[in-house]
Amino acid sequence: MKLTLTHDEVAAYCGDLHASNEAFKSHYPADSFDRQPVHTVYGGANLLKAGFAAKLGEVALKTLETYAPSYSVFARALGLPRADTLPTNAMELASLTRALEANPEQVRETKQAAWLAFTVYNRVVKKLKTEPVEDNRIDFEDGYGNRPDAEEDDHAAAAADEVAKGMREGLLPPFIGIRVKTFSDECKQRSIRTLDIFLTRLAEQTGGKLPENFIVTLPKVTTPSQVSTCAKILENLEARLAFPKDSLKMEIMIETTQSIINYLGENTVPLLVAAAGSRCRSAIFGTYDYTASCNITAAHQNHTHPACDFARHVMQVSLAGTGITISDGATTSMPIGPHKAAKDAPLTAQQMDENRTVVHGAWKLHYDNIMHSLRHGYYQGWDLNPGQLPVRYAAIDTFFLSSLQDASARLNAFLNKAAQATLVGNTFDDAATGQGLLNFFLRGMACGAITEQEVLATGITLDELRSRSFVQIVNNRTGKQGT
């Protein structure tokens with residue numbers, strides 16, 4: 001074939017491109033294969049006990065049993081897909097339940113809504129019994145408040161003691177950390193002191209060992225200097241307290257307009273992350289502080305406000321492919337009924353109905369907020385109350401399970417025609433959509449909603465899935481090679 005460019009010219013061009021591509025990869029090494037928790041439970045440091053995770057699970061189970069004693073009630077409360085088709089008659093529900101218990105896959109073929117509600121409910125119950133909390137943050141900020149210095153000193157030391165006890169007895173969740181106060185002028189000294197006391201006491205109690213996946217959360221970050229100062233403090237404490245090198249990781253909270261765009265008009269998010277050096281593991285969006293900084297009034301401060309979606313997307317595009325995980329904010333409406341039973345005065349039927357209405361309303365709001373986050377590519381968020389835990393896990397399972405069959409068919413068809421665009425039903429898939437399908441299965445596996453067997457059933461191998469590149473998979477299957 002006749003060519004115009006010489007071999008040396010092509011080699012020089014390819015050399016330039018290789019250098020540029022390698023520089024790009026150094027900035028965007030791709031998302032981590034490490035597990036990312038689906039939530040973070042925030043709780044005041046003054047309340048921390050070593051066995052808190054199991055206790056929260058017990059409270060969550062009791063809440064579920066009280067306000068949703070069956071999968072049908074739970075599905076209707078949350079508004080799961082086609083939940084309105086589920087039986088309300090006790091005999092019909094019992095008959096359907098027996099069929100689901102005997103052969104769930106057979107029922108799935110004809111009654112998808114029933115299968116989904118039944119499967120989600122049972123997975124939630126199992127999760128609350130086995131691992132009710134995936135990530136916990138011992139809070140010295142908003143969930144703790146401003147207290148006398150002596151009191152906060154005592155709570156910082158006591159919290160370290162409880163964490164050390166949890167380590168010894170195997171009681172801690174898979175992820176845990178501490179949230180200190182902001183590094184503003186008003187709080188910086190108190191924040192640093194609390195961090196110092198906690199880590200010093202923990203090192204004394206554990207001989208310089210940290211819990212698995214330990215992290216320090218820095219809230220209301222406004223300048224890169226706040227982040228770099230925190231990183232320097234962690235480096236100093238790490239060396240002085242004999243913690244392993246680079247073991248003290250941190251995460252930053254994006255809660256102000258200035259942490260999105262600074263006074264020069266620059267995107268601040270990558271500047272904040274870079275200021276942490278290699279210590280930053282994640283970035284968290286704080287809904288209510290952010291909307292307040294936008295001068296949005298209280299009546300309109302909510303999870304789905306367009307201002308929040310703008311900030312989320314800035315965070316997302318800033319950190320995509322960097323290995324830094326992102327997390328969404330909280331639902332502040334708590335699933336707590338207005339009436340409490342006294343020892344000698346049980347609740348009336350009307351009071352129980354009123355409690356149920358409040359709890360179901362809070363559940364539905366939390367579920368909708370979580371689904372909003374998931375649709376926007378945020379797979380982790382905050383929970384503030386044990387009554388929110390059933391909803392967190394129900395939303396995660398519903399998000400993935402309700403789309404699993406369609407995604408499996410589309411991925412299988414695409415793999416069978418690897419280098420061609422594919423039409424499944426009325427959906428036309430190209431390579432970019434194929435990448436989205438990979439993301440679906442990767443995220444679903446990471447959070448436990450999709451099993452390894454369900455992934456392999458699509459025809460993809462685990463090695464191909466973990467490559468995270470649909471283009472690479474297509475090239476490998478068609479014999480094409482990048483140069």
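A contact here means heavy atoms within 4.5 Å. Residues 24 or more positions apart account for 75% of the contacts in the protein chain with a separation of 6 or more.

This is a predicted model, in which local features need pLDDT of at least 70, side-chain atom pairs count only at pLDDT 80 or more, and totals for chains, interfaces and linings use all residues. Residues are numbered from 1 along each chain as its sequence is written, and side-chain values use heavy atoms, with hydrogens and water left out.

## Overall build

The protein chain has 18 helices and ten strands. Helices (H or I, at least four residues) and strands (E, at least two) are DSSP runs, numbered from the N terminus. The C-alpha atoms fill a box of roughly 95 × 65 × 45 Å, taken along the principal axes. The radius of gyration is 25 Å, which agrees with the value near 23 Å for a compact globule of 483 residues. That radius is taken over C-alpha atoms, and the globule rule is 2.2 Å times the number of residues to the power 0.38.

Of the 483 residues, 48% count as buried. Buried means under 20% relative accessible area, exposed over 50%, and partly exposed in between (1.4 Å probe, protein chains only). The chain exposes about 23700 Å², and carbon and sulfur atoms supply 54% of it. Accessible areas come from the Shrake-Rupley method with a 1.4 Å probe; for residues, only the protein chains shown count as cover.

## Salt bridges

Side chains of opposite charge can pair when their charged atoms come close. A salt bridge is a side-chain nitrogen of Lys or Arg within 4 Å of a carboxyl oxygen of Asp or Glu. By this rule the count comes to 30. Three examples follow.

| Acidic residue | Basic residue | N to O distance |
|---|---|---|
| Glu 22 | Lys 25 | 3.6 Å |
| Glu 141 | Arg 179 | 3.3 Å |
| Asp 246 | Arg 279 | 3.8 Å |

Glu 22 and Lys 25 are three residues apart in helix H1, so about one helical turn separates them. Glu 22 is partly exposed, at 37% relative accessibility.

Glu 141 forms its salt bridge with Arg 179. This pair links distant parts of the chain, 38 residues apart: Glu 141 is in the loop between strand S2 (135-139) and helix H7 (149-169), and Arg 179 is in strand S3 (residues 175-179). Glu 141 is buried at 6% relative accessibility. Arg 179 is buried too, at 3%.

Asp 246 meets Arg 279 in a salt bridge. Here, too, the pair links distant parts of the chain, with their positions 33 residues apart: Asp 246 is in the loop between H9 and strand S5 (249-254), while Arg 279 is in the loop between helix H10 (269-275) and strand S6 (280-285). Asp 246 is partly exposed, with a relative accessible area of 32%. Arg 279 counts as buried at 6%.

Salt bridges that share partners also build a network. Its members are Asp 139, Glu 141, Asp 142, Arg 179, Lys 220 and Asp 289.

## Buried polar residues

Gln 36 is in the loop between H1 and strand S1 (39-44). Its relative accessibility is 11%, so Gln 36 counts as buried. A polar contact is a pair of N or O atoms within 3.5 Å; within protein, one must be able to donate a hydrogen and the other to accept it, and residues adjacent in sequence count only if both atoms are side-chain atoms. The Gln 36 side chain makes one with the side chain of Gln 380 at 2.9 Å. It makes another with the side chain of Arg 443 at 2.7 Å. Not counting residues up to four places away in sequence, Gln 36 touches Thr 325, Ile 326, Gln 380 and Arg 443.

Thr 63 is in helix H2 (residues 52-67). Thr 63 is buried, with a relative accessible area of 13%. A polar atom of its side chain lies 2.9 Å from the backbone oxygen of Val 59. Leaving aside neighbours within four places in sequence, Thr 63 is in contact with Ala 68, Trp 363 and Gly 387.

## Partly exposed sites

Thr 223 lies in the loop between strand S4 (214-218) and helix H9 (224-240). Its relative accessible area is 32%, so Thr 223 is partly exposed. The C-alpha atoms of Thr 223 and Leu 271 are separated by 8.7 Å, although the two are 48 residues apart along the chain.

Tyr 13 is in helix H1 (residues 7-27). Tyr 13 is partly exposed, with a relative accessible area of 46%. With Leu 5 and Val 10, Tyr 13 makes a nonpolar surface patch of about 280 Å². Patches are made of residues with over 30% relative accessible area and no salt bridge: like charges are joined within 9 Å, nonpolar side chains (Val, Leu, Ile, Met, Phe, Trp, Tyr) within 5 Å.
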